[in-house]
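Here is a short tour for anyone who likes to read a fold from its contacts. Have the sequence and the structure at hand as you go.

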Amino acid sequence: MEEKLITLFHTYESVAYLISIAINIVISILGVVPSVFLTAANLAVFGFWKGTFLSFVGEAVGAIVSFVLYRKGFHKLSETKWFSYPKVKRLLEAEGVEAFSLVLSLRLLPFVPSGLVTFVAAIGHTSLLIFIIASSLGKLPALLLEAYSVYQVMNWTWQGKVISTFLSIFLLLFTWKKINRKKARANKIERDL
């Protein structure tokens, strides 16, 4: 996917920035597609600083567009049972400083899906202005870390090798844990029969 984006950016150089931002908006609206391949393409075509800045602008604009669309289309969902979990309910009901703090802190956590934060904030009571500020501030360090990691892996520096090694170990442990859980469930079902 990254190679196709790089080719697309080179083919349409005069509007490559706009294409990148548009793709980021689509990724944000979908909410489940990772943007790391787009960040990698931006870094490869535009260089580290311009590519990182472009990814940041794209993600910030994408989050704003997603917030507005989610608020218009899904606001009534906040009343359903799905959103009755205490932490989700807290974000739904948050306003002002509390909403700012929650969105900012959730954006800083790399394992919390960005689309989920945007969705819950949009259908809740968080104002657009507070969301824009908190979301953008939270995305900045996360995106810098992502861009740095992607850049190091792309250039296969010693930092890139360390990042790849840790990522491989994490994926191996995650897979091993999933397999063990599945075996444990199968064994439990077998014993219960």
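## A starting question

Does Pro113 count as buried, partly exposed or exposed? Its relative accessibility is 43%, so Pro113 counts as partly exposed. Pro113 sits in the loop between H6 and H7. Keep in mind throughout that this is a predicted model.

Pro113 also has a partner from elsewhere in the chain: Val32 is 81 residues away in sequence, yet the two C-alpha atoms are 7.5 Å apart in space. Val32 belongs to another loop, the one between H2 and helix H3 (36–46). With a relative accessible area of 73%, Val32 is exposed. Val32 joins Val26, Leu30 and Val33 in a nonpolar surface patch, and together the four have about 370 Å² of accessible area.

## The overall fold

The protein has nine helices and zero strands, which gives the pattern α-α-α-α-α-α-α-α-α along the sequence. Of its 193 residues, 34% count as buried. About 12,300 Å² is exposed, and carbon and sulfur atoms supply 70% of that area. Among contacts between residues at least 6 apart in sequence, 74% join residues at least 24 apart.

An unreviewed UniProt entry lists residues 15–41, 53–71, 116–138 and 158–176 under "transmembrane region". Two of these segments can be set side by side with the model. Residues 53–71 are 100% helix and 0% strand, with end C-alpha atoms 27 Å apart. Residues 116–138 are 83% helix and 0% strand, and there the end C-alpha atoms are 14 Å apart.

## Helix H7 and the largest core

How many of the 10 residues of helix H7 are buried? Eight are, so this helix (residues 114–123) is largely enclosed by the rest of the structure. The buried ones are Gly115, Val117, Thr118, Phe119, Val120, Ala121, Ala122 and Ile123.

The largest nonpolar core has 17 residues, and those that touch the most other members are Phe67, Leu91, Val103, Ala121 and Phe131. Two or more residues each come from helix H4 (48–74), helix H5 (86–93), helix H6 (96–108), H7 and helix H8 (128–154). H7 gives the largest share, six residues. Apart from this core lies another one of 14 residues, including Ile19, Ile25, Phe37 and Leu38.

## Two hubs in the core

Ala121 is found in helix H7, and its relative accessible area of 0% makes it buried. Leaving aside neighbours within four places in sequence, Ala121 is in contact with Phe67, Arg71, Leu91, Val103, Thr126 and Phe131. Tyr70 is 51 residues from Ala121 in sequence, with a C-alpha to C-alpha distance of 9.2 Å.

Which residues does Phe131 touch, not counting those up to four places away in sequence? They are Ala63, Ile64, Phe67, Val103, Arg107, Thr118, Ala121, Thr126 and Ser136. The list for Phe131 includes polar and charged side chains, among them Arg107, Thr118 and Ser136, as well as nonpolar ones such as Ile64 and Phe67.

## A buried salt bridge

A search of the whole structure finds one salt bridge. In this bridge the side chains of Lys139 and Glu59 meet, at 3.3 Å from N to O. Lys139 lies in helix H8 and Glu59 in helix H4, so the pair ties together parts that are 80 residues apart in sequence.

Are the two partners buried or exposed? Lys139 has a relative accessible area of 7%, so it is buried. Glu59 is buried too, at 10%.

Glu59 has a further contact in Ser28, a residue of helix H2 (residues 16–30). Ser28 counts as buried because its relative accessibility is 17%, below the 20% cut-off. Not counting residues up to four places away in sequence, Ser28 touches Gly62, Ala63, Ser66 and Tyr70 as well as Glu59. One of these, Ala63, is also touched by Phe131.

Key:
Residues are numbered from 1 along each chain as its sequence is written. Side-chain values use heavy atoms; hydrogens and water are left out. UniProt positions are given in the numbering used here, feature names are shortened, and annotations may be inferred rather than shown by experiment. Helices (H or I, at least four residues) and strands (E, at least two) are DSSP runs, numbered from the N terminus. Buried means under 20% relative accessible area, exposed over 50%, partly exposed in between (1.4 Å probe, protein chains only). A nonpolar core is a set of buried Ala, Val, Leu, Ile, Met, Phe, Trp, Tyr and Cys residues joined through side-chain atoms within 4.5 Å. Contact means heavy atoms within 4.5 Å. Accessible areas come from the Shrake-Rupley method with a 1.4 Å probe; for residues, only the protein chains shown count as cover. Patches are made of residues with over 30% relative accessible area and no salt bridge: like charges are joined within 9 Å, nonpolar side chains (Val, Leu, Ile, Met, Phe, Trp, Tyr) within 5 Å.
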